[in-house]
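Me: I should like a close look at a single part of this model, namely its second largest pocket, together with the strands, loops and core that share residues or elements with it. Please give one connected account.

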Amino acid sequence: MDHEGRLPAKLPSALLLATALTLAPSTTSSRSAAPRMPGPEPPRSLDPVAVNRDCERCHAEIAREWRGSKHQRAYVDAPFQAALTKEPLPFCRGCHAPEARSSRPPPPERAELGVACVTCHVVDGAPLAAPALVDGDDGSPSPASPSVPHPVLRDPRFASAAACGGCHEFAFPDHASRRAPEPMQLTLTEHAASAYADVPCARCHMPLAGHGPSAHRSHAFAASRDPEAARRALRVQAERASPTAARLTLRTAHVGHAFPTGDLFRRLEVRAEVLGEDYAVIASARRFLARRFAETPGPLGARARTTASDDRPGAPGLAGAPVVVELELGPAAAQLPIQYEVVYQRVAHASDGREEDAIIESEVSLVRGSLPRDTP
């Protein structure tokens with residue numbers, strides 16, 4: 001075994017794959033216990049690099065989608081590396097490099113795997129998949145099963161949010177500093193409280209690709225990195241609240257969670273400004289919509305981050321109500337148009353001071369427009 005406690009890569013790949021499948025039941029076989037769903041640092045008795053290579057060899061089209069995706073680049077992605085440098089926690093490596101031991105930095109070949117084919121599809125030694133798709137349907141699982149060259153365990157939960165929850169909802173890791181667990185990411189809780197609770201994550205995040213025998217769900221995992229997808233997630237109505245103020249009403253649209261979701265430092269900036277004849281800004285205002293945290297003392301005296309407020313569109317505490325933002329711009333706004341914009345921001349890390357001072361990793365303009373000048 002290698003230094004990760006797993007089979008060495010020098011074994012023939014066919015033998016490695018056979019080892020992985022030894023315990024795999026046939027599609028119709030029964031199990032006394034349901035298989036585990038994917039999650040951080042799964043127990044391994046195989047070489048994930050070699051077995052993943054076998055997956056890619058046969059599933060070339062899906063492998064091309066996965067290569068370069070945010071799943072494949074989960075560990076080597078520059079923004080994650082910057083965050084890990086600031087907080088080098090094993091907890092973070094567990095999800096971003098799940099095919100290595102989280103207690104130490106992963107070997108390069110396992111870091112490069114990120115969240116791999118084997119991470120989600122080889123669990124408890126069995127190739128795991130959702131019920132097979134029927135080409136031309138709406139993406140709902142079908143009991144039909146295509147012919148495959150190895151046994152496949154098909155579990156309906158793999159087509160549900162349960163398959164994603166291991167890495168997309170979790171509490172802060174500093175349990176000893178807290179009186180009760182505090183969610184660090186709560187996407188599945190948001191999903192369960194949304195109007196789309198019965199729609200699986202894959203319906204939006206893994207759209208159907210290909211036709212006939214090659215029909216499958218896309219493994220590109222673009223999600224919020226796709227600007228058009230991000231724009232479709234929000235509906236904004238803009239109007240003048242008064243001669244000198246803009247009012248923007250924000251609602252989520254066709255999305256089964258708050259927006260933004262996931263990383264606790266993602267946020268929306270709602271901004272408005274008035275421009276003079278020379279396009280100089282003569283008045284401006286803005287507001288951020290985000291999860292906000294406070295430091296509270298725990299049972300042992302240590303301070304821990306807890307949620308103080310959450311005004312993201314679709315946040316569970318809003319119970320479906322829209323977010324209304326009013327921005328006062330002063331007398332100049334009464335005589336000139338008001339320009340407005342809603343921007344999705346990925347914050348590199350929290351600022352100890354004002355929200356305006358946060359370091360922005362990237363941003364996407366979602367909505368922009370102009371309100372004509374107020375007329376009596």
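Reply: In this predicted model, the second largest pocket has a volume of about 310 Å³. Its lining comprises 21 residues, and the closest to the pocket centre are Ser194, Ala195, Thr252, Gly314 and Gly320. Two elements, helix H9 (187–193) and strand S9 (245–252), give two or more residues to this lining. The largest contribution comes from S9, with three residues. Sorted by class, the lining holds 13 nonpolar, six polar and two charged residues.

Helix H9 may be taken up through one of its residues. His191 is located in helix H9, and this residue counts as buried because its relative accessible area of 11% is under the 20% cut-off. Beyond the residues up to four places away in sequence, His191 touches Ala161, Tyr196, Ala197, Val199, Gly256 and His257.

Strand S9 has a partner in the antiparallel sense: strand S8 (residues 234–242) pairs with S9 over eight bridges. The two strands S8 and S9 form a hairpin, with two residues between them. Within this pairing, Val236 stands opposite Leu250 of S9. In general, strands of a sheet pair through backbone hydrogen bonds, in either a parallel or an antiparallel arrangement.

Leu250 also leads to the interior. The largest nonpolar core has 27 residues, and those with the most contacts inside this core are Leu250, Phe259, Leu268, Val270, Leu329, Ile338 and Leu366. At least two core residues come from each of S9, S10, strand S11 (281–289), strand S14 (323–328), strand S15 (338–349) and strand S16 (359–371). Another core, of 10 residues, lies apart from the largest one and includes Leu46, Trp66, Val118 and Val122. As a general tendency in soluble globular proteins, nonpolar side chains are buried together.

Phe259, named above among the core residues with the most contacts, has a further link to the pocket. When neighbours within four places in sequence are left aside, Phe259 is in contact with Ala230, Ala233, Leu234, Thr252, Leu268, Arg312, Pro313, Tyr344 and Leu366. Of these contact partners, Thr252 is also one of the residues closest to the centre of the pocket, while Leu268 and Leu366 are listed with Phe259 in the core.

The backbone at Phe259 deserves separate attention. A cis peptide bond joins Phe259 to Pro260, with omega at about -5°. Pro260 is placed in the loop between S9 and strand S10 (266–275). His254 lies in the loop between S9 and S10 as well, and its phi is near 55°, a positive value in a residue other than glycine. Most residues other than glycine have a negative phi, and most peptide bonds are trans. With a relative accessible area of 63%, His254 is exposed, because that value is over 50%.

A positive phi is also found elsewhere. Glu41, which is not a glycine, has a phi of about 45°, and its place is in the loop between helix H1 (13–21) and helix H2 (48–58). Glu41 counts as partly exposed, with 28% relative accessibility.

How values were computed
Residues numbered from 1 in each chain as written. Predicted model: local features only at pLDDT ≥ 70, side-chain atom pairs only at ≥ 80, totals over all residues. Heavy atoms only, no water. 1 Å grid on protein atoms, 1.4 Å probe; cavity = no way out; pocket = protein on both sides within 12 Å on 5 of 7 lines; lining within 4 Å. Points joined across faces, edges and corners; volume = space filled by probe spheres on them. Helix = DSSP H or I, 4+ residues; strand = E, 2+ residues; numbered from the N terminus. Nonpolar A, V, L, I, M, F, W, Y, C, P; charged D, E, K, R; others polar. Buried < 20%, exposed > 50% of the residue type's maximum accessible area, 1.4 Å probe, protein only. Pairing = 2+ DSSP bridges. Core = buried A, V, L, I, M, F, W, Y, C linked by side-chain atoms within 4.5 Å. Contact = heavy atoms within 4.5 Å.
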